[in-house]
Every structure is written in C-alpha cells, then in structure tokens.
Amino acid sequence: MARLKTFPGGLHPPDNKAWTAAKAIEICPLPEELIIPLSQHIGAPAEACVAVGDKVKKGQVVGRAKGFVSVPVHASTSGEVTAIEPRPHASGRNLPAVVIAPDGEDEWVDDLAAADPEALSVEEIKDRLRDAGIVGMGGATFPAHVKLSPPGEKPIDTLILNGVECEPYLTADHRLMLETPGKVRQGIEILRKVLAVDNIYLGIEANKPDAIAQMREECAGSDIKVEALEVKYPQGAEKQLILALTGREVPSGGLPMDVGVVVQNVGTAAAIADAVTLGQPLIERICTVTGSGVNEPKNLRVRVGTPLAHLVEQCGGLDGEPSKLIMGGPMMGMAQLTLDVPATRGTSGLLIFRRGDIKVREPGPCIRCGRCVSACPAGLLPTTIAAYARLSMFDETEEFKAMDCIECGCCSFSCPSLIPLVQTLRYAKGAILEKRRKMQ
Amino acid sequence: MSDQLYLSSSPHIHSGETTDKVMRAVIYSLLPACGVAIYFFGLPALMLLLVCTVGAVAFEALCAKLFHSKLAIADGSAALTGILLALNLPPSAPWWLALLGAAIAIIVGKQVYGGLGYNPFNPALVARVVLLISFPVQMTSWSAPAPLGSGVDALTTATPLGEWKTAVMLTGKLPEGMASGFGSYFVGNMAGCIGEVSAIALLLGALYLFWKRIITWQIPVSFIGTVVVVGGLFWLSDATRYPDPLFHLLTGGLILGAFFMATDMVTSPVTGRGMLVYGFGCGLVTVLIRLFGGYPEGVSFAILLMNAATPLIDRYTRPRVFGTVAEVER
Ligand code: SF4
Ligand code: SF4
C-alpha cells in the first residue's frame, strides 16, 4: 500500500467518533426562540435591518453586511422579531442578536432566485455567495467571497476541499459527505468555475473509508482527486493539509493564496451549492452533539440561532452534571459558560463532558521532555516560547516564531507537566500584535 | 450550573501522560536491574538501594520545607534519582557514602537550581562524580558478584575495564583471557557498579521505556553507536592494545548510561537532531576517557560534559519552523 499523504508533527488523540459516525443526520426541530447573532463571522459584524415586531420570513436578511469582509445574516425561519439586544455569544460575551419567535410556518422569502451556475458570471456567483452569508464552515467562519477573490498578483491554480474533520468526536462533515455527496460535488464545480482551476483535491482522513468511497464514486470520471490522508491531528489544519496534498509549504506569515491554493470546507461547498443554484442563504448547518455528558449523541441539522440547550434536548438531555461545554471540537473548540448560547454558522459540534471526566490539575515545571516540540506541526519550540512569554520577553517569543503557532493544541495535549502552552502562546501572539500596532 | 463549569482554554483533552507517570515508568523499567543487583551482590545492594532512595526522598522533602516550595515527592523524580544513584555505586560502598550521595544529588544536583526541570546536570551523576573524586578508595573498591545462595563470600576484585586499564598501563597489552567472559558480562556476573553489570536486565527495562514511548532511539543509538564505532576503529588499528567493541559495550556503565542516564529529559536536548549530536558527544568522550584518560570508565563524565553542552546543542538544532527556509544560525 502506498503511504498515505500527511504532514510532519502532530499526534493521535483518541478520536471518539464512533458515538455518532454511524448516525444519520436528524433534523432538529425549531426551538421556541431563535437567537441570531449579528456577528457570526470573522470581520465586521452585520447591522440589524429589521425592527422589533417585524414579521420576517425564512431567508430574509435581518442584518446587513458592513464592509467587504462581512456578510449579511438571515432569519432562519419565519416569525416575529421579538428583540434586538445583546445575548450570550460563543465568544463568551453578550453580543447584539436578532431574536425571532418562529410562527411555525417556516415559510421562505418569495424572492429566492434559483439559477444555473453555468449561466452566471463569476462576479454574479460571488455576489450570491456574499448575499447568502456563506462563510467557512470548518470553524474559521471567514467570508467565502473574500477568500475567492485573491488579489491579481496571487494566481490560484489549486482548489482543496477539506473533508478531513480531524477534530476528535466530530462527525458532521463525515455524515454530510455520506448523505449529500451530490451537493458537495455541485459546490466543487461552482468553486472550479469561480477560481478557474482544474487542479482539485478533496482530502479525507483515512478513518472515513465510507465517505472516501462515496465521494470517489460521486467524482468518478472527473479530474477531482479524492485523497485518503493519514489519520493524524491536525491533518485538517489549512497549512498542513496543503502540504500533505500538494507538497507546497505556505510561507511563515503567509496565506494559502501565496502558494496558489484556496481551501474550502466540504460543508461550505454544500452551502455554496444551495446558495448558487437555489438562492438559499446559509441558515442551517450540521452539528455533532456528543460527549459523555449527552444522553444520546447525534448529528443534527440545526438552524442558525438555535440555543445549545435545545440541541441537548434533542439528544435526550444531559447525562449527569456537565463539567464542560465546548462549542466545536475538543482540541480547538471554545468552552462555554451557558447553554443559552446559540449555534451559529461555524458551530460544527457541541461537546459536553460530564463531571469527573475532566480532571483539573496544577501545572508542574517543564521537564524538557520534548513532547511539545515533536508534536508541534508548526516546528516551534513551545516550551521555550512559553518560558519567554512568562517572563514577558516578547521580542524573544517573536524571534522564536510565536506568530506561526496555529493554536492546534498539540503541545498542551502532550505536555506531561500539564503546562497551558497554547494559552501562553496565544498570550504571546496577542502581545506581539499589540507591539506591532504600537510601532506603526 | 455555570458556577460549576470549567472555562479553561483549548485543548480540552489531554494525553493522560503526566510527569509522575513518566517517572514511575522509568522506576519500573529499572526494577529488573535492581533485581539482578540484589541477586548478584546480595544485601549490600539492597541496602544501597534503600538508603539512596529513602535518602533522596527525605532530602527532597527537607528542601521543600526549607525553601517553602511545593512538596513534589509525588512526582517520583526524587525516588528515581535515588535509585539511579544506587545503581551507580560499587557494591561495597558504605551506607554513609550512599546517604551522602543522596544528599548531594538532591541538594547540589537539583534543588539549588530550583528543583525538577531546572537542573542542568543529571543529579545522580553529579553525586556519583563528587563521591568518586572525594572518596576514590571507597568508590573504586570492587567486589566480585556472589550470587544469592551460592555461599561465596564477596571477594575484592577489579572491574573488567579496570583490569584492562591496569594491564595496558603496566604491560601495554590486553590482559590474558579477556575475551572469555562475554556470557557473564551479558547477564551481569562481573564486578562493577551494582546496576551496570547486567546488560540483559537493563535492555529489558529499556525495551519497556521504548514501548511506553518515554525515551526515543536517538540518544541510546548515537551514544552506543559512537562508542562501538570509535572503539572499534581503535581495536582495528591495534587489537593487542585496544579492546574490541563488544567489550566496550558490555562492560562498564555504557548501557546503564546510554539508556537511563543520558536520556534524562531535563538534562538532554529537546529535539531529535539535538539528541543525536548529544549522544554522539557522549559516545566520543566515553571512548576517549576509557582509552586515554586517567579513569578506566568515562560514561559519567561524558554525560555530565554533554549535559553542560545541552543548551548550546538546543540552540543550534532548533527545528525548522513551518514555512521558513532552514534557519541560518545567529
Ligand atoms: S505551539 Fe502552536 S502550533 Fe505548535 S503545537 Fe502548540 S498550538 Fe500547535
Ligand atoms: S511537553 Fe511540557 S514538559 Fe515536555 S518539554 Fe514541552 S513544556 Fe516541557
């Protein structure tokens, strides 16, 4: 057997995907109240364009985009706007949101325009993507139309579809590829047209042979290369994935476009298909609700704005007392303080650990075991950078390339002394950015 | 609910491999060697192991009290240092020497630098070398193994390396019949420090460490490889004067040193490339001391010397950062 493509560094956390991998996606019923944050993407938040008391329809814009790196947000069902106010947000703060009481009709706006992507110009397609609020659904939530508009001096020759889903526990993309491979394919063809590229890869970790087979069948006869990748975290990190598939290395401080590549998540591709062919905005996504603290882990098709508590209810409720709520995966997800937070476009998973499953222990001294070093996919010395950061020696952290940290968590995961390395690196990165701002 | 939720930053899972588990695994890996030590050298070996281990733990606790630092006995590192020290003592070493060694290892070797993780030198080796220099008589009087139940009294004798060195110094030639002992060397039936004699017990422990992924191949392979190759080259150049590679390998403290002392994480480089350089240095210095130095054995000195070079090695073997061209060292 040929060796699977991969990247240097990384590690093998237990994947715990078996809980939900074989479970078909279920449609999550509408909650009593949808909380639609105006900030669901990287970039400027949207601006509310409805008023309390307004009747809205499914797919109607409720928050307008502000600036180029921004997308509108939409009502994810029909109903009445009951409030526009700060609500708990995944970031841990209360941020402005449009609150909608569903009317049960679930009625689409009437000006949805279906279209044949073949007949649309590239600009028309990008406009549709922006208007539909398409953002990267792998978690980064970067507006897709921006990613698809690289500056002229950065020619793109390769498109990579990210179906890796290397975060433990999560199976949302896996189920998506199994259940709606046609949508993914349709999205790929639209992306092909927008970028005018023919070198197209779809990378999937080898632990999803059924998805690989399904997508190979779907892409049979085309030039799309469906590649099985070594099961290793973080195989799905953008730069690592590009290296594994193309052998190209995004330069330090650079972006994928610097090596002629655009990466999109498979979920994003499916959303792109709906947005372009049906004119449907991004109002729902697939989310894996799992972990020891959930009675019946599931993959759910969730409307944007559904409170996490509602997702838990759909999964048989909490099993025991939760000790940690995580939006996203266990390696890079964000801990949440409350289940009142709504699911958004980037919510690939809700992971709940039961009391007792999380041990809190004091960090010890670095014993120089080197595990963080060999695990770091960015080739950094996490222990050294962290040591400098603790001494507030930020010039040194910069010299040791702290800014190249992708915050994958491999270092902290493997540190026997339980040193919060990623946290310290994030702190160093913040301080370096602050310093750079001041110098300008 | 929220007051009971942890809000710590990602990652939210951990390998489960913790410092105390690592230390414990290394202790387990030394049990076969401890067993063989007690088998061949009897109660004196048991006494040394006990005095060193209990002593090291006690001095660790004492330091924690004096320096008002957190009591860290539970991490097992003090006990491990004690065991390693005992294994590096000759069987006839008196109890007070062992106790003194434990004090030196923990206080001078480790705590003065700030405790675990901050010590530049392997604490057990610091103690051994200080003892060797301060008490040369007690530290170099060897007794032949007297296996349990054999009824033989321990006789004073020389280590194979010592025997060779004396012979070469006196006659310029290898001693007679030197090649005959390999079977005994391998199981550990020879004179030496109580823990270094049995290659087979040490290798068993080393296998366990590899299996547990506590140590990686770089240091032991480059260390031993260098000794064998460089020692072998001398042997090829003059077989009447220089011992053969197998002799280098099986006698003395090479295996104990290469697998258990040089691999001490705190005092060795953190990158794979750095480990190779470090292991090579350990090997080279060992051979040179053995063949040309004043002491018959050079493993301890070699490792301590390379401990000192570790920060430098780390500096010049930084991994290549993703997306950068191989760094030109400044
Ligand atoms: S230093 Fe950054 S890139 Fe390296 S392992 Fe840690 S989080 Fe990942
Ligand atoms: S993993 Fe932890 S203990 Fe090991 S070198 Fe890195 S920071 Fe130090």
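The following exercises, with worked solutions, concern a predicted model.

Local features require pLDDT of at least 70 and side-chain atom pairs pLDDT 80 or more, while totals for chains, interfaces and linings use all residues. Residues are numbered from 1 along each chain as its sequence is written, chains are lettered from A and ligands numbered from 1 in the order in which they are written, and side-chain values use heavy atoms, with hydrogens and water left out.

**Exercise 1. Determine which residues surround ligand 2 and how they divide by class.**

Step 1. A residue is near a molecule if one of its heavy atoms lies within 4 Å of it. The shell of ligand 2 includes Cys366(A), Cys369(A), Cys372(A) and Cys415(A). Also among the surrounding residues are Ile367(A), Arg368(A), Gly370(A), Thr383(A), Pro416(A), Ile419(A) and Leu421(A).

Step 2. For the classes, Ala, Val, Leu, Ile, Met, Phe, Trp, Tyr, Cys and Pro count as nonpolar, Asp, Glu, Lys and Arg as charged, and the others, Gly among them, as polar. The shell therefore divides into eight nonpolar, two polar and one charged residues.

**Exercise 2. Locate Val54(B) and decide whether it is buried or exposed.**

Step 1. Val54(B) belongs to helix 2 (residues 43-66) of chain B; helices are DSSP runs of H or I with at least four residues, strands are runs of E with at least two, and both are numbered from the N terminus.

Step 2. Buried means under 20% relative accessible area, exposed over 50%, and partly exposed in between (1.4 Å probe, protein chains only). Val54(B) counts as exposed because its relative accessibility is 55%.

**Exercise 3. Work out the strand order of the six-stranded open sheet in chain A and the pairings of strand 14.**

Step 1. Two strands pair if DSSP finds at least two bridges between them. The order is 1-14-13-17-15-16, with mixed pairing. Strand 1 (26-27) and strand 16 (334-336) are the edge strands, each pairing on one side only.

Step 2. Strand 13 (residues 284-290) and strand 14 (residues 298-303) run antiparallel and are joined by six bridges. Here Cys287(A) stands opposite Leu300(A), and Glu284(A) has Arg303(A) as its bridge partner.

Step 3. Strand 1 runs parallel to strand 14, with two bridges between them. Glu26(A) also stands opposite Leu300(A).

Step 4. In strand 14, five of the six residues are buried.
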